[in-house]
Amino acid sequence: MFAQLKSRLLFILLLFGIHHVFAQNTIGVYMVNKNLISFHSKTELELIKASSTELKGIIDPNKRTFAFTVAMKTFDGFNSPLQREHFNENYMESDKFPAASFSGHIIEDDDFTKDGKYNIRAKGKFIIHGIEQERILQGDLTVKNNIIKMTCTFTIFLSEHDIKIPRIVHEKLASEIQVVLSAEFIKK
Amino acid sequence: MKLLNPVILFLCFFIPTQWVAAQYPFTKIIDVEEENLTLKANVLLKDHFGFIWIGTSEGIFKYNSTVPEKIFSTQDTKSNITVLLEDVNGLIWAGCKSGLIITIRNNKASILKLEEGLPKVAITAIYQDTKKRIWFATAGEGIYCYDGIHLYNINSKDGLSDDHVNCLFSPDGKQIIAGTDRGLSFVSFEAGKKRIQFFASKNGLPDNIVTCISASKQINIILIGMQSKGVLLFNTAKAQIVESGIKNDWPYSQVNDIIELRDDLIIATEQNGIICFNKLKNSFTKNVLQDTIFPKRISDLQTDNEGNIWAASENKLISFTGDYLKYWYSAKGIYFTNVHTILADDEKRIWFTPDLRLYESTQDNSGTDYLRSYDITPPKNHIDITGLYKDRFGCLWIGTMGEGLFRMNIETGKWRRIAENPIAFYGNILNITGKDNQVWISTLNGVSRFNLKKSNYDLNEKIDFTNYSKKDGLGSDYIYHILIDKKNRVWFATDGAGVAVFENGRFLNFYQQKLFPSKVVYSLAEDKNQHIWISTYND
């Protein structure tokens, strides 16, 4: 119960509070404009993939901080409606843990306010299924005319987030989920 | 009992009353170069085989006892190697100035590729903890910990004293001590929780810039090298500096590495070469290597399996004999010249023979040395002693050139010339060895095996013997050296008939049987793998 409340609170904070987090000085802050976040689980028996365009996020190039969140129920494109239902109810427990999030700071000292291409690493707290893991995610940023385009590929290890796979679907669901994220940010 | 090489002029025990710290018996300089390009040796590693690896400005080399062999180079500046580590599985890890991390197995290198990416600043240290996690220190991004799946970062935002980390060390393999530009950080990272504590100038650290941390022979003590304040001893259990004779008025520039020997600290510096601190005398010796061609910047130190110290210095590797081998040239007013044989016995006594005389050297628990001489023959007729051996009864066998063989009771100092065996009595004794009841001597007239009985505890009791010559299968009567191996085979180094072995009462001559080509063999040795090593003339 407490975990559920904590998770919901976190989701609310991330989803609606991002603006407040950066509200003190939003000059030069970039917000997600367009995005696509997709994942796939590939086993010999089955390829499961889904995506969402509902990523919310913000980058502050001056402070080199960021925060992202995506609601689990916004993922679509599964092989079947039943698969989506299993995803939300059995694995992600989306009612209990409605969102995944990643927030922290960028390791590199590069000046992202200047046009250019940057390979960056973001260090922060990655939360999914209510379990927090510190992660470093590597991505590419292209900054041009006050628009930041970001691409990032990373792996989620289900065991690290206490996402249990029933033995019956072991051969259908990979233990490592590949995630691809692309997003465009515009200056606020 | 072990008979040392008879031509060695140096004794390797602690007896010396006079020696000069700055003088090492042997030094070797090896140029590190590739296709006439001069490389810069940055860092050294000794792997579990004992090979010395060299991280250079242009890749990785391994010293094969003759020249440094190139293992890895990418032909670009990215392979400027700054740090090397061998993990518990024998994998070599190399960190680069560019942040690149390279792994090497079976001399094949590959660049580490991680989903998290790699640091973009220089890797300054690599360490493996007891959980087999690999820790990387960086010059600007703090510390990374790689658990085989993820790469984690620990930096100043997590509480690290500074993101510029110069060195890593762990006394117990669990808590990592990071030397940073703002003092020491004590880091533990368990179950995702980072715990960091400081020790910096406000706690009494004389210099906040910690450049290196090394192991000490004392429990809970580490050696800390600093940018401008030299070296200090730090108690990790009490988290406090230990008072020592090392003063902080340090004029010798930045400390880059420290190796603790028994009596000395060998300190690599940025501008003053190698400094030696003698712990007994609390004194420093600078210009340890006393050679103007040695560069002054020593970036790293390493000890090899023999106890030699290796230093990486600009375009050179320098090795010298630390304190396991010291130059002992005189004691009690006696100059040790023309020493033809040395014996270190099982009672920590050294027997040696400067200028035709027999000397015994002992040291008591307080470190005081005693030197005693024996006159086997009257002083005006001193003879050249060429072989020494201590038998199972504690008697010393003394072989001479031209005056035969003597056996001496060490406790009483009484001796007897072995007259019962003609080749021993008249012979030129080249070598003496033995095992259990056997004592073998080699001469210019073949070899002789003495068989000790209980009654031979009495010095005057005659000893049974059997003589062997080339007619018995030795192949030659000129025998330089005898070795009894772990399988109790007796090996002979001969002049004219190569190597022969005596086993089950029979000789086998390797040269005559065309099993080994060398005709002249000087000495033999057995290694721990029971391989027999043979030194030959011109082969």
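## Contacts along chain B

Take the contacts in chain B between residues at least 6 apart in sequence: 44% of them join residues at least 24 apart. Keep in mind that this is a predicted model.

## Build of chain B

On secondary structure, chain B comes out with 51 strands and one helix. Put a box around its C-alpha atoms, along the principal axes, and you get roughly 85 × 50 × 45 Å.

How much of chain B is buried? Of its 539 residues, 42% are.

## The cores

The largest nonpolar core runs to 129 residues. Who has the most contacts inside this core? That would be Ile54(B), Ile126(B), Ile143(B), Ala178(B), Ile267(B) and Ile274(B). As for what feeds the core, strand S6 of chain A, residues 116–128, gives the most, with five residues.

Ile274(B) is worth a click. Skip its neighbours within four places in sequence, and Ile274(B) is in contact with Ile266(B), Ile267(B) and Ala268(B), along with Val288(B), Leu289(B), Ile298(B) and Ala311(B). One of these partners, Ile267(B), is also on the list of residues with the most contacts inside the core.

There's a second core too, separate from that one, with 48 residues. Among them are Ala344(B), Leu396(B), Phe450(B) and Ala497(B).

## Where chain B meets chain A

On to the interface: 14 residues of chain A are in contact with twelve residues of chain B. What sort of residues does chain B put on the side that touches chain A? Five are charged, four polar and three nonpolar.

Conventions:
Residues numbered from 1 in each chain as written. Chains lettered and ligands numbered in written order. Predicted model: local features only at pLDDT ≥ 70, side-chain atom pairs only at ≥ 80, totals over all residues. Contact = placed C-beta atoms within 7 Å. Nonpolar A, V, L, I, M, F, W, Y, C, P; charged D, E, K, R; others polar. Helix = DSSP H or I, 4+ residues; strand = E, 2+ residues; numbered from the N terminus. Buried ≥ 20, exposed ≤ 12 C-beta atoms within 10 Å, placed from the backbone. Core = buried A, V, L, I, M, F, W, Y, C linked by C-beta atoms within 7 Å.
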